[in-house]
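Good morning, colleagues. Please bring the sequence and the structure up on your screens, and I shall go through a few sites and then the chain as a whole.

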Amino acid sequence: MPTVFYNNKNMRIIAGGSRGRWFKGTPKELTVHPISARIKKSVFDILRPRLGGARFLDLYAGTGAVGLEALSRGAASAFFVDRDKRCLAVIEENMKRLELAGKGKACYGDILQDLSWVAFRAGVPDFDLIYMGPPYRDADNRMLAYSTPTLARVAEANLLAPGGWALLQRYKKEKVELPPGLERFREERYGDTDVEFLRRSAP
């Protein structure tokens, strides 16, 4: 059996009930780039007042780093979606390692397609917090532009709860068009990465 090498950079919970505990990264042959420790800390410092009891959705979940952090900090539930089954297996293992399996569920799905099934499979009406971290480049280092269609699918499926926040992590030069029903109210920049904060727009 060949040796499998894992990308374990930054694979640690920052705060909350699982603070300081390490979790498993994805196999290195996967083009998964985990959220940096700097961005994760900054984003969760902003989200801190909204995490208690929140229904959290982690799209393009990868290792599950974002949703796991949310659960550690008091989110009631987390639903992880990725289209690579190897990522889903890692997320399931990480939830068990961190003793969070009862609060989270990982599911296969193509996020660029219809997402109307997500809330049903998660067992919730909608989500208080949604984090989207689509890949910036493909395996051949070609630029991708997933942000606009991802936001469109989220809006079409009405996944964001009234008063909820959706966060989009993207390459700073990627042009993003917001779909009807969502508005931008905050933006943070971390080097080449932007995180946009979105909410439902007023009728």
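I111 sits in the loop that connects β3 with α4, the latter being residues 118–122. Please keep in mind that this is a predicted model. Is I111 buried or exposed? Its relative accessible area is 3%, and I111 therefore counts as buried, the cut-off for that class being under 20%. Beyond its neighbours within four places in sequence, I111 is in contact with L59, Y60, V81, T150 and R153. For Y60, I can add a distance: 51 residues separate it from I111 along the chain, yet their C-alpha atoms are 7.5 Å apart.

Let me turn to helix α3, which comprises residues 85–97. With 13 residues at 1.5 Å a residue, α3 should span 18 Å, and its end C-alpha atoms are indeed 18 Å apart, so expectation and model agree. Which residues of α3 are buried? They are C87, L88, V90, I91, N94 and M95. Viewed down the helix axis, these buried residues fall within an arc of 160 degrees, and so they line one face of α3. The general background is that an α-helix has 3.6 residues a turn, so residues three or four places apart point the same way. On the face turned away from the buried side, α3 carries the exposed residues K85 and K96. The cover over the buried residues of α3 includes α2 (65–72), β2 (77–82) and β3 (104–108).

Both ends of this helix deserve a remark. At its start, a side-chain oxygen of D84 comes to within 2.8 Å of the backbone nitrogen of R86. Just after α3, E99 adopts a positive phi of about 60 degrees.

I move next to helix α2, where E69 is found. E69 has 0% relative accessibility and therefore counts as buried. What does its side chain reach? The side chain of E69 approaches the backbone nitrogen of A15 at 3.1 Å. In addition, the side chains of E69 and R73 are joined by a polar contact of 2.7 Å. Setting aside neighbours within four places in sequence, the residues in contact with E69 are R12, I13, I14, A15, K40 and F44.

A further site is S201, in the segment that follows β7 (193–200). S201 has a relative accessibility of 29%, which means that S201 is classed as partly exposed. Not counting residues up to four places away in sequence, S201 touches G181, L182 and E183. S201 and A122, 79 residues apart in sequence, lie 24 Å apart in space, C-alpha to C-alpha.

Finally, the chain as a whole. How many helices and strands does the chain have? There are 5 helices and 7 strands, and along the sequence they follow the pattern α-β-α-β-α-β-α-β-α-β-β-β. For 203 residues, a compact globule would have a radius of gyration near 17 Å; the chain has 16 Å, so the two agree. Along the principal axes, the C-alpha atoms fill a box of roughly 55 × 40 × 30 Å. Of the 203 residues, 49% count as buried. Among contacts with a separation of 6 or more, 63% come from residues 24 or more positions apart. The chain exposes about 10,200 Å², of which carbon and sulfur atoms supply 49%.

Thank you for your attention.

Terms used. Residues are numbered from 1 along each chain as its sequence is written. This is a predicted model: local features need pLDDT of at least 70, side-chain atom pairs count only at pLDDT 80 or more; totals for chains, interfaces and linings use all residues. Side-chain values use heavy atoms; hydrogens and water are left out. Helices (H or I, at least four residues) and strands (E, at least two) are DSSP runs, numbered from the N terminus. The expected span of a helix is 1.5 Å times one less than its number of residues. Buried means under 20% relative accessible area, exposed over 50%, partly exposed in between (1.4 Å probe, protein chains only). The arc is that of the directions from the helix axis to the C-beta atoms. Contact means heavy atoms within 4.5 Å. A polar contact is a pair of N or O atoms within 3.5 Å; within protein, one must be able to donate a hydrogen and the other to accept it, and residues adjacent in sequence count only if both atoms are side-chain atoms. The radius of gyration is taken over C-alpha atoms; the globule rule is 2.2 Å times the number of residues to the power 0.38. Accessible areas come from the Shrake-Rupley method with a 1.4 Å probe; for residues, only the protein chains shown count as cover.
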